[in-house]
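Me: Please take a close look at one part of this model, starting with the make-up of its walls. Then set that part beside the other features that deserve inspection.

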Amino acid sequence: MDLNRLVELFNATLHPEPGMRQTAEQQLQQLESHDGFLGVLLQMLTSADLPAGTKQAASIYFKNRVRRSWQGTQRSLEQYAPISAGDRTVTKKNILGAIIASPQAIKLQLTECLGIILKFDFPDKWPEFTVHLKELLHSQDAQHVYTGLLALLELIKRYRYSATRREVIDEMAKELFPQVQKIAEEAVASDSELAMRMAWLSFKSYLNTIQTGLPLTFQNPESLVAWGTSFIKMIEKPVPFDKETIDEDAAKVPVWKAKKWAMRSINRLYGRYGNQALLPSGNAKKFKNFAKLFTSDFMPQIMRVYLQQIEGYTSGNTWLSLRMRGLVAQFLSDCVKDKTAWKLLKPHTEAIVAHFIFPLLCFSRSDQELWEDNPVEYVQKRIDPLDDFGSATVSVSNLLIDLAFDRKKATLGSILGFINGVLGTYAQATEDTRDPRAKDGALTMMSALCGTLASRKSPVANVLPEFLLTHVVPEFKSNYGFLRARALDTFCRYSNVELPDPQVRLGILEGILGLLNDSDLPVRVHAALALAPLIADDDMRSALTAHLPQVMQVFLNLTNEIDSDTVTNVIEEFVEAFADRMAPFAEQLGKQLCDTFMRVMGDVMANAPDGDTSIEDMSDKTMAAMGVLKTLGTLVLNLEGTPEVVYKLEKEIFPIAQFVLKNQVVDLYDEVFEILDYCLFSVKAVSSNAWELFGAIHACFKSDGIDFIEEMLPTLDNYVAYGMDVVAGSSDVQARLFDIIETVLKSDRVGESERICACKLAEAIMLHGRGQVDGMIPGLISLAAAYLLSENAIKTQAFRVHALEIVLNALYYNPTITLNVLEQYGWTESIFTQLVETVDKFVRVHDKKLLIVGLSSVLSVPAAQLPPALQGGIGRIFEGVLQTFQTLGKAEESRLALENMYEGDSDISDLDNDFEWDEDADSAAGSDDADDTDNAEYLRGLAGRAADALGDIGSDEAELNSDDDDIEDDDFGDELEEEYGLESPLDRVNPYVHLQDRLGELQSTNTAVYEAITQGLSADSTRLVQSLMEEATRLRNEHINA
């Protein structure tokens, strides 16, 4: 590989002429597959003779090459050549040296490449890496040590969230971190930029090491003292700054980064391992001693330092970035819940509320700049908590909530007194002297406390109506846009407060409607959000009806102004609430939503790396697109009674479905298949447009859609249920359906829950296509038999039942064809034995009916056509049918109870999320002298209540450790349960009448067999048969009379 030639090409990529750049890029892509390409690039990056721009271009190309092809996906390898073994060896041998020799900008590019290589090659393909790492960390050369820290961090990132490889982290903590601590200690004492980079890398590595566990090495008192001292010294380290010019850009300077990561490390140590009140029950014993050590020996010093930071910041003598202010607030929030820490914090709470929390919640200069320069971003930060997660505003809001709820006896009165003082001062001041920013801060505090104050048992519940009418609603007409938006937000949060005067409520509604046309985008958005809770009120909903067209148009306009799933959620709520009035403008609404979706996805596709639309961290635009699809789905679902409207919407919806499937936007598959399900179900037919889409669905399945077979199933079921005329007449459609079933049942990529989906699709084909798809039956039986006849092939009872039901469906479809197939391959006796022996496992109504109609269908087969294995076993089959009838009634009762539960009016008053207003004790943390056990018991109880309400989702640690591949979903939920809303052609089949017909056929065609199975019954079974026949006759007569 010619070094000079590559230098020329990279220089050409910087040429101002587009044609020259494009030609150079094409030639580079041709050369990258040659052995030695990456090695020469590393030579370029370490050369002292090349211009910085050329080396920067080469480093970016090197990074992209490694990122795409070191362990490329199938899609990337189709576009880019794989990296040769020689290039891999040369890269691993030289990359650390290249990082040492490179300037900072290129170091970062190469370090990212190192992380990619470690992810795929360490330790198996690069075992000597740790030897090189130790050498770097123990070097006397600062650049070598700095590179060692960069490399260490990349290695830790490889394992930080792993549940199965914690021993690697523990070993690194033991072998490497004593040296890292010495590096950090020396770096903190220095003032050089490189030293500060080394300090923050040391702290960041420490933090990543304790993300999901605390190594034993770090639990030693010596380690805690050493690291804790370094953290505290870094936070206290004085840094000169200019009060007039410093801004958030300073947070990117290494010294401020080091301070931030020191705070983050302390917060993680305390919040996860050192705070006895927050320890999950599973970790209480494991970290109890460490928590006691942390609280007794370390907490007073940390509290002193953090309070000094607050005092210095509020007095203007210390600067804290917004992120650091948030970290201070997060730490104090954890202290509120801990008895020992609370004693240290309690004397300072009033000052913290007035001088730290309140100023951070007031509308700031940076807020004003964002409001004016980028209102879209302003709105997203305000209405999307995830978008602003970890910010100082969110953190101090959480601190305020924790103080007011967990320590309400000590703090709530003073907090409300402070807020009331600010509001009173504002109300009494003249227009010229009022401070609207202060009122914004007070209302923001009230908004944060809404969960506590707006509950039914709140001691201030009776004054909230007056608060809204005096301090909130009047600001709808404020001259300040940010105050109008804040008032709308506060009203929205307290929308459950009852305002008894209907005229007042209607006046508020008119005020909100007027603000939908406000000149400021944030106000319009907040007005839309404020309308959503009002539609639960009958009077408000009735009043809104007259304004519905205008309101929906404003909502649609907003979707074109801001990409937010929150806005589309409001549209979705309106569609549900006014479903009966959507039809007149549903087509326009659907078209505009589809246009919005395509506009948003155009931006997503343009920004997706290398066309990869499976974005792990979904952007606001991706979330907005998802919200649009959900709203479209709700719109279609609520138009079920107007199929002609849905049919028109199909023409708008199907192209966007085609777009998602063709571009493999897997993040949106769930929503797309849900919409398609709703469309087909609503019109109860499969249009030509829908059949054109079927090919795209199959192509999607063949690429990566197999992972989404559960999401696909309802749509595929609808194609079969409402398009059987096409299915029956098209060998191509039948082949694609069979391919889907076969692929799922034979793939090692899926589990038994997905295989059950394949069984359900096979059932749909046989039930809906009786007499029309004979050619598919042998293949479907064979797929089921492959599992049923292989030892240990089936793990769960649920899958066994569904595999057997393929055979039962085939028997019901055509017993003669089915028995011929079973007999041809010698499967008859084995499969019928399984059927009879597992009768008690068919627990749902659908399963029992299928078992009855499937087994009893055998009775209609002429004796001469019965396989030898069954000629003497008809009696046993008949007993299985009778056994199933004995439990059918109980199963039907259970299903009816389930339907009543879903369809009845549930009383959810007991689920009111009221807070406990105990006059004698604080809510969560107990009194100051409460025993630690009481705290732990309360928190465990609180966790239990949360689990009851939200489902047992486990701790955050369990979630982080969810990459344990040894646990398979199929190990859970082994027993089948009734499915609410399950519809099937079998619903129209009466099992009593079916059995009577089959017995009649048997009696007329094979009297000897009929007499043998009926006369051989016990007295109880005889009476059962008699009662079943009487019930069948009664049902026939009822049907005739009807």
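Reply: Start with the second largest cavity in this predicted model. Its lining divides into eight nonpolar residues, one polar and no charged. The residues that line the cavity are V858, L859, V861, A863, L866, I874, L1002, N1006 and V1009. So the polar one is N1006, since Asn is neither in the nonpolar set nor in the charged set. The volume of this second largest cavity is about 40 Å³. In total, seven cavities of 30 Å³ or more are counted.

Next, confidence. The protein chain has a mean pLDDT of 88. Of its residues, 90% reach 70 or more. Two stretches call for caution. Over residues 905–914, pLDDT stays under 50. The model gives that stretch six contacts beyond four places in sequence. Over residues 923–973, pLDDT again stays under 50. Here the model has 56 contacts beyond four places in sequence.

Now a helix pair. Helix α20 covers residues 349–361, and helix α23 covers residues 392–406. Their axes come within 9 Å and cross at roughly 145°. The crossing of α20 past α23 is left-handed. On the α20 side, the contact is made by T349, I352, V353, F356, I357, L360 and L361. On the α23 side, A392, T393, V396, S397, L399, L400 and L403 meet them. This contact holds eleven nonpolar residues, three polar and no charged. The polar ones are T349, T393 and S397, because Thr and Ser fall outside the nonpolar and charged sets.

Last, the backbone. Most residues other than glycine have a negative phi, and most peptide bonds are trans. Two places depart from that pattern. F122 and P123 are joined by a cis peptide bond, with omega about 0°. P123 sits in the loop between α7 (104–121) and α8 (129–137). Q664 is not a glycine, yet its phi is positive, about 55°. Q664 lies in the loop between α36 (643–662) and α37 (669–683).

Key:
Residues numbered from 1 in each chain as written. Predicted model: local features only at pLDDT ≥ 70, side-chain atom pairs only at ≥ 80, totals over all residues. Heavy atoms only, no water. Axes fitted to C-alpha atoms, helices over the stretch in contact; angles between N-to-C directions. Helix = DSSP H or I, 4+ residues; strand = E, 2+ residues; numbered from the N terminus. Left-handed = near helix turned anticlockwise from the far one by under 90°. Contact = heavy atoms within 4.5 Å. pLDDT = per-residue confidence, 0-100. 1 Å grid on protein atoms, 1.4 Å probe; cavity = no way out; pocket = protein on both sides within 12 Å on 5 of 7 lines; lining within 4 Å. Points joined across faces, edges and corners; volume = space filled by probe spheres on them.
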